[in-house]
Amino acid sequence: MKPQTIQTLLDKAVSDGAAPGLTAAVLRPDGVHQFAAGVRGAADPRPMTADSVFWIASCTKAITALAAGQLVARGLLTLDAPIGDRVPGLASPKVLDGFDPDGKPRVRAASRPITLRDLLTHTSGLAYDFCSDDLTRYFAATGENLMSDPPTLVFDPGAGWQYGIGIDAAGWAIEAVTGQGLDAYFAEHILGPLGMGDTSFTPDAARSARRAGMHVRGPDGAHIPVDPFPNAPQMWGGGGLTSTAPDYLKFLAAMITDGAGVAGPDTLALLRDIQARQPAAGDLISSNPGFSHDFLPMPGIAKHWTLGFLRNAADVPGGRRAGSLAWGGIANCYYWADPASGVAGVMFAQFLPFADPRMMATFEAFEQAVYAD
């Protein structure tokens, strides 16, 4: 890897309009490398810096999965017991079973209870409406939403793979069995031990002063500044954290080494090993193009889900090895962690919609540069 090549790549991406600014961090056997390019925002001319703070959205999910794995190891949670025993709102889920000719939704009881394993592998039937046409249509017909109690599933637990709020629900279980909010639990058991001092649900004034601005890409391709999202702290296990690229890299380093004191061998195995083999795991087909484009990572390569990550079954040519762990966050944040090579990479931007083609191309080029001689 040639650091200057990566810096040049990021600078060019910004000048070509991929994002107002970017940060990136890389772990390789030769150490950690940090990068920044561009400015904090289209309306904020301050230079982006390696310690700029981003809403990392669904990059939160893997940290929540680690927390759940810790509690499984301690015997406080069980992967295959009904999660409704811990989260009463999940005890009697209903399933959307299609629509009548007049458009009225058909709903029935789920065929079996939801388990923690279902929640962590996105096989519970809990979906996001932005990538489920049926759920979008159902919410419009009923006035319900993602947090309705009881929730509505798009299939029976275990019957498919669909990205959704399952890991938020795992966060509720964590709070129920520990008696702590996710912020307190994460700080004590993950963020503090890993030295992730810039990662939190509620950034203080000093960290807030380093936040990158939020944007949407307009029809002409320009980045339009918008209010931060979320515009108030949210302890969502599925997407509430703010962080920096170097801070998040500390978490990924723990996942591809020895667990760094936050994950024992059994927990690491749950997070690294295949737990769900459903077809199209990791693929998102958008029903809201203003929020997300279709996301089809590593096309042509079989992908599976662990208890926290997307895992590729074959090497990516010129990039990550088979068995790597990956995912991202809705505001165009992306990462991978490669246990076989001891390499991990993070790239953060801050705009919608997700899976922006220019950002995806930049991230792919970044990964290729990290593995280049």
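Trainee: What makes His 223 the bridge partner of Arg 217 in E9?

Mentor: In this predicted model, where local features need pLDDT of at least 70, side-chain atom pairs count only at pLDDT 80 or more, and totals for chains, interfaces and linings use all residues, His 223 of E9 is the bridge partner of Arg 217. Residues are numbered from 1 along each chain as its sequence is written, and side-chain values use heavy atoms, with hydrogens and water left out.

Trainee: Why are strand E8 and strand E9 called paired?

Mentor: Pairing requires that DSSP finds at least two bridges between two strands; strand E8 (residues 214-217) and strand E9 (residues 223-226) are joined by four bridges and run antiparallel, so they pair. The two form a hairpin with five residues between them, and Gly 221 in the turn has a positive phi of about 90°.

Trainee: How do you know that E1 pairs with E15?

Mentor: Five bridges join strand E1 (residues 21-28) to strand E15 (residues 343-348), so the requirement is met, and the two run antiparallel. Among the partners, Thr 23 faces Phe 348 of E15 as its bridge partner.

Trainee: What makes helix H1 count as packing on the sheet?

Mentor: Contact means heavy atoms within 4.5 Å, and helix H1 (residues 3-15) touches E1, strand E2 (31-41) and E15. The direction of H1 makes about 20° with that of E2, where axes are lines fitted to C-alpha atoms, for helices over the stretch in contact, and angles run from 0 to 180 degrees between N-to-C directions.

Trainee: Which strands does helix H10 touch?

Mentor: Helix H10 (residues 357-371) packs on the sheet by touching E1, strand E14 (333-338) and E15.
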